[in-house]
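Me: Hi! I have a protein to look at for class and I'm not sure where to start. Could you go through it with me?

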Amino acid sequence: MNRKCLIALVVGLFVASAPATAQESAFTRSCNVKLLSAFVLDIGARPSDSPALQASCRITHKSGAYGGIWVGQLTDYLGERSPLGTENDYYVGVAKKVGMFTLDVSAWLYDIANPKTFDGLAGDFVDVTGALSCSTCKMSPYLEIHTLYGTGPRSFQGGWYAKVGGGKTVAVNKRFALGVDLNGVHNDGIGGGYANVLRLTVAPTIPLKGGGTLKVPISYSSPLKGEGLEDQFWGGVALFF
């Protein structure tokens, strides 16, 4: 997808979620922009000599149906210059309350524009995801199962990964909170690999006047099993609005 279409889609999401009158809108919008020291994904972070810019915007209907876009921009991969628009993801889904739990089913289309980002992998990838979470439980536990299939000639032909974890945000005072998230990922076949990775993220959180939240995530991940994997450390700043 070219940049003009991408901009038009993002603007359309904002317009669709804005209430036309003072009456409450049937849609809610949640967006974020992150400047990180690495290109960060569920299954690991790709190292880079320059920061990565990642942004997403999601529109949710009161029925639980939602759709959104995720964009990753990598300006420099291991010292080699690469164009912006490294990865663009588009997704739709529905989330429903089932007792104390939330069941979430979604479908994603990953458009990886630059093969340098993932060791030669490029093209479109389809991801069907099922997730179960409990936001009212202690540590807000969650479980996600992703099944992926690559459609491009340079994409992997299949694989899946599962992520399980939990987190909590503790208010230090009226102007400062600390968020903690611990999760483990089992990767079976994504990119031809197999690995178990444990990741801990700590994020000082500051609410902003007029709405929005500023976070400073700091993350450390360690491979429990897998070939050629190393400990990873990354940080950055994120604006949620």
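Me: Let's just jump in somewhere. Is Met-139 buried, partly exposed or exposed?
Reply: Met-139 has a relative accessibility of 42%, so it counts as partly exposed. Keep in mind as we go that this is a predicted model.

Me: Noted. And where does Met-139 sit?
Reply: Met-139 is in the loop that runs between strand 10 (123-133) and strand 11. Its phi is near 65 degrees, which is a positive value in a residue that isn't glycine.

Me: Why would a positive phi get a mention?
Reply: Because most residues other than glycine have a negative phi. Ser-140 belongs to that loop between strand 10 and strand 11 as well, and its phi is also positive, near 45 degrees.

Me: How accessible is Ser-140?
Reply: Ser-140 has a relative accessible area of 27%, so it is partly exposed.

Me: Let's zoom out. How many helices and strands does the protein have?
Reply: One helix and 17 strands. Of its 241 residues, 39% count as buried. The protein exposes about 13300 Å², and 65% of that comes from carbon and sulfur atoms.

Me: What about contacts between residues far apart in the sequence?
Reply: Take the contacts between residues at least 6 apart in sequence: 47% of those join residues at least 24 apart.

Me: Can you give me one residue as an example?
Reply: Try Leu-182, which is part of strand 13 (residues 176-188). Setting aside neighbours within four places in sequence, Leu-182 is in contact with Tyr-142, Val-164, Gly-165, Gly-166, Leu-198, Arg-199 and Leu-200. There's also a link back to where we started: the C-alpha atoms of Leu-182 and Met-139 are separated by 9.4 Å, although these residues are 43 apart along the chain.

Me: Is Leu-182 buried or partly exposed?
Reply: Partly exposed, because its relative accessible area is 43%.

Me: Which residues make up the largest nonpolar core?
Reply: There are six: Tyr-110, Ile-112, Phe-125, Leu-148, Tyr-161 and Val-185. Another core, of five residues, lies apart from that one, and its members include Ala-38, Val-40, Ala-45 and Trp-234.

Me: Why do such residues group like that?
Reply: In soluble globular proteins, nonpolar side chains tend to be buried together.

Me: I'd like to see a strand up close. Which residues of strand 11 are on its covered face?
Reply: In strand 11 (residues 142-150), the covered face has Tyr-142, Glu-144, His-146, Leu-148 and Gly-150. Leu-143, Ile-145, Thr-147 and Tyr-149 are on the uncovered face. You've already met Leu-148 in the largest nonpolar core.

Me: Why is it every second residue?
Reply: Because in a regular strand the side chains alternate between the two faces of the sheet.

Me: What does strand 11 pair with?
Reply: Strand 11 pairs with strand 12 (residues 159-173), in the antiparallel sense and over seven bridges. As one example, Ile-145 stands opposite Ala-162 in strand 12.

Me: New topic: how many disulfides are there?
Reply: Two. One is formed by Cys-31 and Cys-57, with their sulfur atoms 2.3 Å apart. That pair links distant parts of the chain, since Cys-31 is in strand 1 (residues 27-36) and Cys-57 is in strand 4 (residues 52-61), 26 residues apart. Both of these cysteines, Cys-31 and Cys-57, are buried.

Me: And the other one?
Reply: That disulfide joins Cys-134 to Cys-137, with 1.9 Å from S to S. The link is right-handed, with 80 degrees about the S-S bond. Cys-134 has a relative accessibility of 1%, so it counts as buried.

Me: You mentioned strand 4. What else is in there?
Reply: Thr-60 is in strand 4. Its side chain has a polar contact of 3.3 Å with the side chain of Arg-58. Leaving out residues up to four places away in sequence, Thr-60 touches Ala-26, Phe-27, Thr-28, Ala-65 and Tyr-66.

Me: Last one. Thr-60 has 18% relative accessibility, so why does it count as buried?
Reply: Because buried means under 20% relative accessible area, and Thr-60 comes in at 18%.

Note on methods. Residues are numbered from 1 along each chain as its sequence is written. This is a predicted model: local features need pLDDT of at least 70, side-chain atom pairs count only at pLDDT 80 or more; totals for chains, interfaces and linings use all residues. Side-chain values use heavy atoms; hydrogens and water are left out. A nonpolar core is a set of buried Ala, Val, Leu, Ile, Met, Phe, Trp, Tyr and Cys residues joined through side-chain atoms within 4.5 Å. Buried means under 20% relative accessible area, exposed over 50%, partly exposed in between (1.4 Å probe, protein chains only). Helices (H or I, at least four residues) and strands (E, at least two) are DSSP runs, numbered from the N terminus. Contact means heavy atoms within 4.5 Å. A disulfide is a pair of cysteine sulfur atoms within 2.5 Å. Two strands pair if DSSP finds at least two bridges between them. A polar contact is a pair of N or O atoms within 3.5 Å; within protein, one must be able to donate a hydrogen and the other to accept it, and residues adjacent in sequence count only if both atoms are side-chain atoms. Accessible areas come from the Shrake-Rupley method with a 1.4 Å probe; for residues, only the protein chains shown count as cover.
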